[in-house]
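Thanks for coming, everyone. I'll put the structure up and walk through it strand by strand. Please keep the sequence in view.

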Amino acid sequence: MAPMGKDSGAEVLRLEDVRKWFPVGADLLGRPRVWVRAVDGVTLSVRRGETLGLVGESGCGKSTLGLIVVGLENPSSGRVLIGRTTLAELRGRGGRARGLSAEMRRKVQIVFQDPQASLDPRMTVEAIVGEPLRIAGWRGPRLRERVIALLGMVGMGPEVLGRYPHEFSGGQRQRIAIARALALEPELLVLDEPTSALDVSVQAQVLNLLKELQKKLGLAYLFISHNIGVVRYMSERIAVMYLGKVVEVGPASAVLGAPAHPYTRALLQAVPSVGGDAAWLHNSLLEGDVPSPTRPPAGCRFHPRCARAVELCTREEPVLSPVPGPRGQTPADHQAHVGACHPRDAA
C-alpha cells in the first residue's frame with residue numbers, strides 16, 4: 001500500500017463550528033423538554049500525516065465528535081469537510097446518518113475502544129478484514145491476497161484467516177480491527193480510545209504499530225483519549241475539550257509544557273508521576289462535579305470548578321485566542337497555540 005498522496009501536510013479534516021444537540025424528553029406537543037449539548041461549537045483541523053489528540057474527561061463530547069467525523073452522527077449545525085468536500089456531499093443521496101457513500105467509507109475509517117464488541121463473533125478474520133473490500137467489489141484470489149497483505153501490515157500471518165475473534169487476545173483483536181480500517185486506504189483514521197481496554201504492555205505495542213503505519217502510509221489520525229500520557233506520546237497537536245467546547249489547542253509541546261487553560265493544567269496535575277508522592281491529590285485546580293450538559297453554566301463553562309475564576313468568567317464566555325510563546329510570539333498558522341481563558345486581571 002502506498003502513501004495516501006503527494007500533498008504532504010494538506011488539510012484532511014476541517015470542523016467548522018460543529019454542534020450536536022440531543023433531545024431529551026418531550027412535552028405534550030412532542031417538543032424536546034431539554035437538549036444535551038454534547039458538542040457545542042467546535043472548530044478544528046487535521047492535516048495529512050498528523051495526529052491531533054483530543055483529550056478530556058468522560059462525557060465532554062469527544063467521542064460524539066468522532067462519530068460525527070466518520071458520519072455515524074449528523075451534526076446539528078456547522079460544517080464537516082473531508083479534504084475539500086463536505087460530509088453532506090459525501091453521504092450521497094438522502095443524507096442519512098448511516099447511509100454513507102463509498103467515497104466517504106474510503107476516506108475516513110474508525111477504530112473503536114473495545115475490539116471484542118466491534119468485531120462480529122460469527123465472522124472469521126478473513127471475512128472481517130475483507131468485508132469493506134467485498135462491499136467495494138473485490139472478489140476471488142485478489143481479495144484474499146489483499147486481506148493477507150493487510151494482516152501482514154499489522155503483524156499477523158495468513159494462518160489466522162480461518163479463526164474467530166474469541167480466539168485472540170485483546171491486542172490481537174485490535175490489530176485485526178486496524179487491518180479492517182486500513183482496507184480501503186483511508187486518508188483519516190478516527191481512533192476512539194483504541195488502547196484503553198488493553199494491558200499497559202500491549203498498549204505500547206499497538207501505539208507503536210499505529211505510529212509505524214502512519215509513517216509508512218501518510219495517514220492522519222484523530223486520536224481520542226482521556227489518557228494524557230498516551231496523547232502525549234501519539235500527538236503532534238492536542239485539543240482539550242470540556243463540556244462540549246474546545247478550551248485549548250496547539251502543538252503538544254506548548255499545550256503540555258505551558259498550558260493556557262486552568263482545565264488543561266488540572267488534567268496535567270491529576271497525572272501521578274512514577275515515584276512521586278500524592279501531593280497532586282491535594283493541589284488540584286478542579287473543584288466540584290462536571291455541570292449538566294443540558295444546562296451548561298453561563299460565561300466560561302469551567303468557572304464553577306475553577307479556583308482561579310474571576311467575576312468576568314461567570315458572565316462572559318471566553319473565545320479561543322493566541323497564547324504568546326516563550327518570546328512573545330503568537331503564530332497565526334496551523335501550529336498556533338490558542339486558549340479560551342480570561343486574563344486573571346480581567347475586570
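Start with β3 and β9. They run parallel, joined by four bridges. To find the register, look at Val55, which stands opposite Val240 in β9. One caution before going on: this is a predicted model.

Stay on β9, residues 237-242. How many of its six residues are buried? Six of the six, so the strand is largely enclosed by the rest of the structure. In a regular strand, side chains alternate between the two faces of the sheet. Here, Arg237, Ala239 and Met241 point one way. Ile238, Val240 and Tyr242 point the other way. Both sets are buried.

Next, β10, residues 245-251. It pairs with β9 in the antiparallel sense, over six bridges. Ile238 stands opposite Gly250 in β10. The two strands, β9 and β10, form a hairpin with two residues between them. Look at Leu243 in that turn: its phi is positive, about 50°.

Now zoom out to the sheet. It is open and has eight strands. What is their order? Read it as β6-β7-β8-β3-β9-β10-β12-β11, with mixed pairing. The edge strands are β6, residues 108-111, and β11, residues 321-322. Each of these pairs on one side only.

At the β6 edge, the neighbour is β7, residues 188-192. Four bridges join the two, and they run parallel. Gln109 stands opposite Leu189 in β7. Helix α7, residues 170-182, packs on the sheet here and touches β6 and β7. Its direction makes about 175° with that of β6. A second helix, α11, also packs on the sheet. This one touches β9 and β10. The angle between the directions of α11 and β9 is about 105°.

Just before α11 there is a loop to look at. Pro259 is found in it, between α10 (252-257) and α11 (262-269). Is Pro259 buried or exposed? The cut-off for buried is under 20% relative accessible area. Pro259 has 19%, so it counts as buried. Leaving aside residues up to four places away in sequence, Pro259 touches Glu248, Ala254, Thr264, Arg265 and Leu268. His337 is 78 residues from Pro259 along the chain, yet their C-alpha atoms are separated by 9.3 Å.

One more helix: α1, residues 62-69. Six of its eight residues are buried, so α1 is largely enclosed by the rest of the structure. The buried ones are Lys62, Thr64, Leu65, Gly66, Ile68 and Val69. Just after α1 comes Gly71, with a positive phi of about 85°.

Now the whole chain. It has 11 helices and 12 strands. Of its 347 residues, 48% count as buried. Take the contacts with a separation of 6 or more: residues 24 or more positions apart account for 65% of them. The chain exposes about 16,600 Å², and carbon and sulfur atoms supply 52% of that.

Finally, confidence. The mean pLDDT of the chain is 87, and 86% of its residues reach 70 or more. Which elements have the lowest and the highest mean pLDDT? Helix α2, residues 87-90, is lowest at 74. Strand β3, residues 51-55, is highest at 98. Over residues 274-283 the pLDDT is below 50. Beyond near neighbours in sequence, that stretch has four contacts in the model. Where pLDDT is low, the predicted coordinates should not be read in detail.

Terms used:
Residues numbered from 1 in each chain as written. Predicted model: local features only at pLDDT ≥ 70, side-chain atom pairs only at ≥ 80, totals over all residues. Heavy atoms only, no water. Buried < 20%, exposed > 50% of the residue type's maximum accessible area, 1.4 Å probe, protein only. Contact = heavy atoms within 4.5 Å. Areas by Shrake-Rupley, 256 points an atom, 1.4 Å probe, with all protein chains shown as cover. pLDDT = per-residue confidence, 0-100. Pairing = 2+ DSSP bridges. Axes fitted to C-alpha atoms, helices over the stretch in contact; angles between N-to-C directions.
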